[in-house]
Amino acid sequence: MLDPIADRLAVAVAVILGLITGVLPWGFGWAIIIREIVIAIGAAYGWSKGVRRLDVRWLGKLATLLLYFSITTFFIADGLDMEWLWWASLAIGVPGLVTYYIVAFSYLGDMRKAIAAAEATDSSR
């Protein structure tokens, strides 16, 4: 339970500070924030409907790895004034972000199925 929360908090802090300081590209940072808000709303809704667990997808772990690496290297590129590393960060981050959204839609589909299963279990009692 704490692992996903810790992941979300780490991303939130890095992204918000990256946007405030101008380290992260505006669109990149906001795309992460919007995705996280949508997933949080979906998780809260699922919880309210009785869903307590969704299986983690390996593609989600890959997306998180790419984004963590990208966000970290944006900060390093800015601190060391290495333009080539900034572009490398973007080259890693954009596919990570696209994958992050693909996985988000998959999770929302999983949540829809889990809610239907939870409601079917409740109605059979």
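At 48% relative accessibility, does Trp87 count as buried, partly exposed or exposed? In this predicted model, Trp87 counts as partly exposed, because its 48% falls between the cut-offs of 20% for buried and 50% for exposed. Trp86 also counts as partly exposed, at 26% relative accessibility.

The aromatic rings can be taken next. A pair of aromatic rings is described by the distance of the centres and the angle of the planes. Searching the whole structure gives three aromatic pairs. One of them joins Phe28 and Phe74, with 5.5 Å centre to centre and 55 degrees between the planes, and this pair is tilted. Phe28 belongs to helix H2 (residues 26-48) and Phe74 to helix H3 (residues 58-80), so their contact ties together parts that are 46 residues apart in sequence. Both Phe28 and Phe74 are buried.

Trp86 and Trp87 make another aromatic pair, this one edge-to-face, at 4.8 Å centre to centre and with 85 degrees between the planes. The angle counts as edge-to-face because it is over 60 degrees. Phe28, Phe74, Trp86 and Trp87 are linked into a cluster by ring pairs. The cluster thus includes the buried Phe28 and Phe74 as well as Trp86, which is partly exposed, and Trp87, which is partly exposed too.

Charged side chains also meet rings in this model. Arg35 lies over the face of Tyr100, 3.7 Å from the ring centre. Arg52 has its charged end over the ring of Trp47, at 3.9 Å from the centre of that ring.

Methods: Residues numbered from 1 in each chain as written. Predicted model: local features only at pLDDT ≥ 70, side-chain atom pairs only at ≥ 80, totals over all residues. Heavy atoms only, no water. Phe/Tyr/Trp six-rings, centres within 6.5 Å; stacked < 30°, edge-to-face > 60°. Helix = DSSP H or I, 4+ residues; strand = E, 2+ residues; numbered from the N terminus. Buried < 20%, exposed > 50% of the residue type's maximum accessible area, 1.4 Å probe, protein only. Lys NZ or Arg CZ within 6 Å of the ring centre and 35° of its normal.
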